[in-house]
Structures are given as structure tokens and as C-alpha cells.
Amino acid sequence: MEETNKNIDNTDLSIKVADNITVKSSVAIDSGSATDTYQIDNADTEIDYVKELVQVKEKQRIFEEKLGFLTKKQNTTDSFFMDEIESLKQEVLTSKINLNKSKIDEIQILLQENIKTLTEIGELEDNWNQYGASKFEPELILKCIRFISEVDLDYQPEIFPSARQSVQIEFEPDENHYLEFEIFIDRIKLYKRIETTKTFLENITESDAIAEIKKFRKEFTSNRFGISI
Amino acid sequence: MQKSKNFEKNSPLIDSEYLYRAVFYGKIFWKKRYSRPSSAIFIDPNGFSVERDGDRNEDKVIDYFVVNNYRGYLIKLNVGSCRQVNAYPLPKPSRNSDYHSEIHDSENQMLISDDKREELSKITEEVGHIK
């Protein structure tokens, strides 16, 4: 997660807490009122971001309360006030770092769980589904682990075995958005549905698949842009 | 195998019938968020094997899976619902079961297409764990 936008002055706080979330807070010194704007640029699951935003909102509220208190008690040119603002700025920035770290930890946990699932799939014996399915080639399992461990893939899928020695990976952030790859040793097949629009691709490369995931996230996000909490 | 009095082997599937299937590795196929299995369970180049109810009550169907040592979760799909998503269920009695049936993509294709698999996963009902 990289920080691409931060701008703090006495009354406004605009901060990008992750690749996909910007929080803007402002406190009107005259009235003492505070407003927040939350902008989600890119959401993989709504629940995750609601949780994240609740945490951010708590930090922001502390900022606003302290700032509101100080504006009533202190002259804006007072050095004590400016020191306190700087201290608050550091506090909020620290919270941002913690939030980003928790997001990264979460992705790592999901990745580890998926690697464990793939390992279990790799250990299945012939007739594992009780209907005659064959076991999986180690090369396929390694290919799948490599795929989900891609540096650029910060969006972990769900993973399932199939009865034709392929592994299916799925992204389904909601009922209207579905992306599925069926990974074989020698090819990758794609099926995507955005609401009622369906796309089928029979043979794509790993890099094409990663690009499709990014495109899918963008399509999913565009339908949700501007969500406010 | 205990048969229903009214059942005739190879009789056409009727819309009100249910088709049952054991999902051995149930946990690995289950999508917790949506409380349904992944569409991956329907991938089978030889057609998706199921056991029709054939006018038996559900307990009798469950007995069949228990007696034949199936393990895991038991799921079911309604024949009429399968037809609504343009899948093609058909009776295919086997050496082991007069009630054996299959779900195909169409009359001419056994492997179910991706979008039909997705639809099938959404109409799948969980019966319970086979003990």
C-alpha cells in the first residue's frame, strides 16, 4: 500500500489510508462543526471496507474532537496550538500505517489459507470425489500457488478442485460480479459475469489472467464508486 | 435396493423430482459467504452423476448413500429448476442403481458450460451430512 495523498493543515485532513480509500475530514473553526467524506476507489469486499472505515472514522473523530476543543481554547497563531496540530497529524498518520499493515496482514493470512487449500487439493487421491475423479498433478498445484502468490495480486480468490484435473479459482464480491478461472497445466480458461453480461475466454496466459483480475476489480469498483458510510 | 412401488426404471424425470449427490470434500467446495457450493462441483466431462428420488422419500435416498459408503455432504437439485437454467437432466440407470441419473449441458454435450454451472450452484440445496 502506498501513500499517494496527504495534506493536513489546521482544519482539514485529507488522507489516503490505503490504495483504495481516501478519507477527508474538515472542521469549521467558526461553527465547530465537523464533516467527513469517505471515498472508496476500489473495494474487494464491502464488509472488509466497512470494518476498515469504522476504524478510520474513530481515529478521525478523535482528531476532530481535539481540534474542535483547541479552536475554542486557543488562538490559531498560538504555537501551542500548532504543536498540538502537528502531534495530532502524527497520530493520524500512525493510525493510517497501522491500518495499512492490518490490510497487508489480512491478505497474507488469506494467501496462506489458499496455499493450504491447494496443498490439500494436491494430496487428494484418485477417486477423491467418490465419482471417479483423478488426483492432481503437482505441476498444476505449483502453477496455482505461483498464480495466487503474484506480487500484484492483493485480492485473494476462493479455490476449488474439479473432476477434470483442473483447479477453479473464483472471485465473487457480490451476486452481480463473478470471475472464474479454470486452471489446467497447459492453459487457463476464463468465465466472467457482470450482472447479465457474460464473457468466455478459452485459452489465456497467466499475465492475461492477472490483468483480467485487475480489470474486474475496476469494473466492480466503478459500480460502487462514491459509496458513503 | 428398496424401490418405490410406483417407480419404473428409466422413466422420464419429472419436474417435481429431486436429484441427489454426495459431495465428499464438502468443506473444500463450500462458499461460506453465500452458503452454497462452488460451481466447480459440476465440472465433469462424463456428465454430473446424481441419484434421482424416483418417488422415494428423502430418508430412503439418504439410506442409499449411507449403505453405499458415500461420505461428506448430501446436496440436492430440483429437476424443474435444472431445466429452468437450461441444464439437461436425464435418467441413466447403472449397474449399481436403477435411480442413477446425470445432468448434462444439453442433449448433445455432457460437460456443463460455465454459466450453467454457476446457475446450478445457486439452485443447489444442502440436505445434510452423511454419517
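**A walk through chains A and B**

Start by selecting B:Asp55: this residue is partly exposed because 17 other C-beta atoms lie within 10 Å (buried means 20 or more, exposed 12 or fewer, partly exposed in between, with C-beta atoms placed from the backbone). This is a predicted model, so local features need pLDDT of at least 70 and side-chain atom pairs count only at pLDDT 80 or more, while totals for chains, interfaces and linings use all residues. Residues are numbered from 1 along each chain as its sequence is written, and chains are lettered from A in the order in which they are written.

Stay on B:Asp55 and show the backbone around it: you're in the loop between strand E4 (48-52) and helix H2 (58-67) of chain B (helices are DSSP runs of H or I, at least four residues, and strands are runs of E, at least two, numbered from the N terminus). Now add B:Glu8, 47 residues away along the chain, and you'll find the two C-alpha atoms separated by 9.7 Å.

Next, show both chains. Here 20 residues of chain A are in contact with 16 residues of chain B (contact means C-beta atoms, placed from the backbone, within 7 Å). On the chain A side, E5(A) gives the most, with three residues.

Finally, head for the largest nonpolar core, which has 50 residues (a core is a set of buried Ala, Val, Leu, Ile, Met, Phe, Trp, Tyr and Cys residues joined through C-beta atoms within 7 Å). Its largest share, five residues, comes from strand E1 (residues 18-23) of chain B. Click A:Ile183, one of those with the most contacts inside the core. Beyond four places in sequence, its contacts include A:Leu140, A:Phe147, A:Val167 and A:Ile188.

Technical notes: Two residues are in contact if their C-beta atoms, placed from the backbone, lie within 7 Å.
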